[in-house]
Amino acid sequence: MASTAFTHQAAPAAAGLQTFSGDGDRKRLTGAAVKAVLRLVDAWGGSNAEGAALLGVSESTWDRIKAGKWDGTLSQDQLTRASALIGVFKGLHLLFADAMADRWPRLPNRAPVFGAKSPVEAMIEGGIPRMLETRQYIDALRGGL
């Protein structure tokens, strides 16, 4: 009987599952993600400090991004943040048919996930986990969970 060497291989990602772990994927997705986050922070009336905190970059990097003078690549964590924020933005625009979609993230919210803070404040304070919870909360409000 032939001996077989055991080698550990990472399980292949499920079809269509985006992990943001590969350099090529991150480089390819960075431009679109940055553009979307800039637009949603502007639509939400966010400050430079809030935009930087939501994306997980320094304020000086945020300023360079806004000025179009940044040619970096977002990290896996930063792309995860961007994805969650884009999902929140899209979900709100599907949920609300008026300007409330862009006002909602700045309004104090009594839902347990926000603890009487605005969703923007809660997401900045809670980081990626709170961003993902916010996205799930919006999806649940839409009946999509």
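**View 1. Phe-89 is partly exposed, at 25% relative accessibility.** Residues count as buried under 20% relative accessible area, as exposed over 50% and as partly exposed in between, with a 1.4 Å probe and protein chains only. The model is predicted, so local features need pLDDT of at least 70 and side-chain atom pairs count only at pLDDT 80 or more, while totals for chains, interfaces and linings use all residues. Residues are numbered from 1 along each chain as its sequence is written, and side-chain values use heavy atoms, with hydrogens and water left out. Trp-44, at 3% relative accessibility, counts as buried.

**View 2. The structure holds four aromatic pairs.** Trp-44 and Phe-89 form a tilted pair, because their ring centres are 6.4 Å apart and their planes stand at 45 degrees. This pair links distant parts of the chain, 45 residues apart: Trp-44 lies in the loop between α1 and α2, and Phe-89 in helix α4. Trp-104 and Tyr-137 form a stacked pair, with 6.4 Å from centre to centre and 20 degrees between the planes. Here too, distant parts of the chain are linked: Trp-104 sits in the loop between α5 (100–103) and α6, and Tyr-137 in helix α6, 33 residues apart. Trp-104 is buried at 9% relative accessibility, whereas Tyr-137 is partly exposed at 27%. Ring pairs join Trp-104, Phe-114 and Tyr-137 into a cluster. Rings of Phe, Tyr and Trp (its six-membered ring) pair if their centres lie within 6.5 Å; planes under 30 degrees apart count as stacked, over 60 as edge-to-face and the rest as tilted.

**View 3. The protein chain has six helices and zero strands.** Helices (H or I, at least four residues) and strands (E, at least two) are DSSP runs, numbered from the N terminus. The pattern along the sequence is α-α-α-α-α-α. Of the 145 residues in the chain, 32% are buried.

**View 4. Helix α6 (residues 119–141) is bent by about 140 degrees at Gly-127.** The bend is the angle between axes fitted to the seven residues ending at a residue and the seven starting there. Pro-129 follows within four residues of Gly-127. The end C-alpha atoms of this 23-residue helix are only 14 Å apart, short of the 33 Å that a straight helix would reach; the expected span is 1.5 Å times one less than the number of residues. Buried residues in α6 include Gly-127, Ile-128, Met-131, Thr-134 and Ile-138. Their cover includes α2 (48–55) and α4 (76–95). Just after α6, Gly-143 has a positive phi of about 85 degrees.

**View 5. Glu-50, Gly-51, Ala-52, Leu-54 and Leu-55 are buried in helix α2.** The elements covering them include α1 (23–43), α3 (59–66), α4 and α6. Gly-56, just after α2, takes a positive phi of about 80 degrees.

**View 6. The largest nonpolar core has 30 residues.** Such a core is a set of buried Ala, Val, Leu, Ile, Met, Phe, Trp, Tyr and Cys residues joined through side-chain atoms within 4.5 Å. Val-37, Trp-44, Leu-54, Leu-55, Trp-62, Leu-85 and Leu-92 touch the most other members. Two or more residues each come from α1, α2, α3, α4 and α6, and α4 gives the largest share, six residues. Beyond its neighbours within four places in sequence, Leu-92 is in contact (heavy atoms within 4.5 Å) with Trp-44, Ala-101, Trp-104, Pro-105 and Ile-138.
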